[in-house]
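Trainee: I am new to this structure. Can we talk through the ligand and the pockets, term by term?

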Amino acid sequence: GKDGYRHYMEKELHEHPQVIGQTLQRMVDPSTRRIVLPDLPFDLARVPRAIITACGSAFYAGMVGRYWLEDIARLPVDIDVASEMRYRNPPLVSGSLGLLISQSGETADTLAALRGLRERAVHILSVLNVEHSTMARESDLVLGTVAGPEISVASTKAFTAQLTVLACLTVATARARGTLKASDEEELVAALLDLPSRVADVFGQGDAIRQMARVVAEARDVLYLGRGSMVPVAMEGALKLKEISYIHAEAYAAGEMKHGPISLIDGNVPIVAAVPSGPLFDKTSSNLQEAKARGGRLLVFTDTEGAGRMSAMAERVVVLPRVHGFVAPILHAIPMQMLAYEVAVLKGTDVDQPRNLAKSVTVE
Ligand code: M6R
């Protein structure tokens, strides 16, 4: 049942800390505090490149994964949505790593992409929530996202569990490839282990998120912005809003705004931005300043360090705990999902069963 929550989505949102904790428990050795992967049927150090493919939210998790694998493990990555990857016919180096991501393990497009990669002698590693699924049977290795059953059509905890697994995979790959100093590895693992309690703190921002939701619920169009690993988080936020509130939302890399979408901005288009402190903070702030100068109403997610600067400029600010930049996309995804949920509740939509959508898309 819903355990007293209004919807499965709300219940599943509140399972985030526990789910991230369980997923980490499977991957981190408590005594050495190192990431341990199951025995791999191939050598991560010798994989020439990774090809990531998935659909919907799982694809956005993959986009964050690309960012991490390139930056931390120095592994070249190609990525596309599965419905395109299966027809793209990219030149593939045999022995590459095919990284498939799916909650259900049954999504038709992702499964077809998996089969296409397999035929071309690519190793298949799947990040799956349903570990007895068709994709699981056809993979060389499955990394499970211990998220438990997800009932709500809009994915929540499965998404953050996918990110958690991809973060662990990145650290393990970086170690295998010798791209990470031991002290840096310790720092990243510590940031991951710290995450369940930081995530629990996010629920303390419920009132601020509901106030933001009132602004969004009145809008016809909403723009979501981020930079770096926050771009896919913005995309996840926009997808969630579309799915359950039926409000049109678009996500952009903040720096891309001036190449077109800024012409949309006026007082009727709220701008939701994920802006954690860190090296991209100033750049993103100036993009937001440009939007504000054109009448844009800024709704900003930042952390305790960014709060001062953002409060001076934004109409609404949600202040999240400060975490290591590595795990910031995981933390920031949660209030994005909460915002979409609160907007849908205000609009009175069928939150768990939005129109035209199915939990598992088993047709092309
Ligand atoms: O089961 P999968 O992870 O393969 O599903 C992929 C997408 O259909 C899924 O993430 C969809 O976008 C969700 N409804 C997002 O909330």
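Mentor: Start with the shell around the ligand: by class, it has 5 nonpolar, 7 polar and 2 charged residues. Ala, Val, Leu, Ile, Met, Phe, Trp, Tyr, Cys and Pro count as nonpolar, Asp, Glu, Lys and Arg as charged, and the others, Gly among them, as polar. This is a predicted model, where local features need pLDDT of at least 70, side-chain atom pairs count only at pLDDT 80 or more, and totals for chains, interfaces and linings use all residues. Residues are numbered from 1 along each chain as its sequence is written, and side-chain values use heavy atoms, with hydrogens and water left out.

Trainee: What makes a residue near the ligand?

Mentor: One of its heavy atoms must lie within 4 Å of the molecule. Here 14 residues surround the ligand, and the closest are Ser102, Gln103, Ser104, Thr107 and Glu243.

Trainee: Which helices each supply at least two residues of that shell?

Mentor: They are α3 (56–71) and α10 (230–245). Helices are DSSP runs (H or I, at least four residues), and strands are too (E, at least two), numbered from the N terminus.

Trainee: Why is the pair between Ser102 and the ligand called a polar contact?

Mentor: A polar contact is a pair of N or O atoms within 3.5 Å; within protein, one must be able to donate a hydrogen and the other to accept it, and residues adjacent in sequence count only if both atoms are side-chain atoms. An N or O atom in the Ser102 side chain is 2.6 Å from a ligand oxygen, so the pair qualifies. A backbone N or O atom of Ser57 lies 3.1 Å from an oxygen atom of the ligand, so that pair qualifies too.

Trainee: How much of the ligand does the protein cover?

Mentor: The protein covers 90% of the 420 Å² of accessible area that the ligand has on its own (Shrake-Rupley method, 1.4 Å probe).

Trainee: Where does the ligand sit?

Mentor: In the largest pocket. That means more than half of its atoms lie within 2 Å of the pocket's grid points.

Trainee: What makes a space a pocket?

Mentor: On a 1 Å grid over the protein atoms alone, where a 1.4 Å probe fits, a pocket is an open set with protein on both sides within 12 Å along at least five of seven lines. Lining residues have an atom within 4 Å of a point. About 530 Å³ of space lies in the largest pocket. Of its 27 lining residues, the closest to the centre are Cys55, Gly56, Ser57, Lys359 and Val361.

How values were computed: Points joined across faces, edges and corners; volume = space filled by probe spheres on them.
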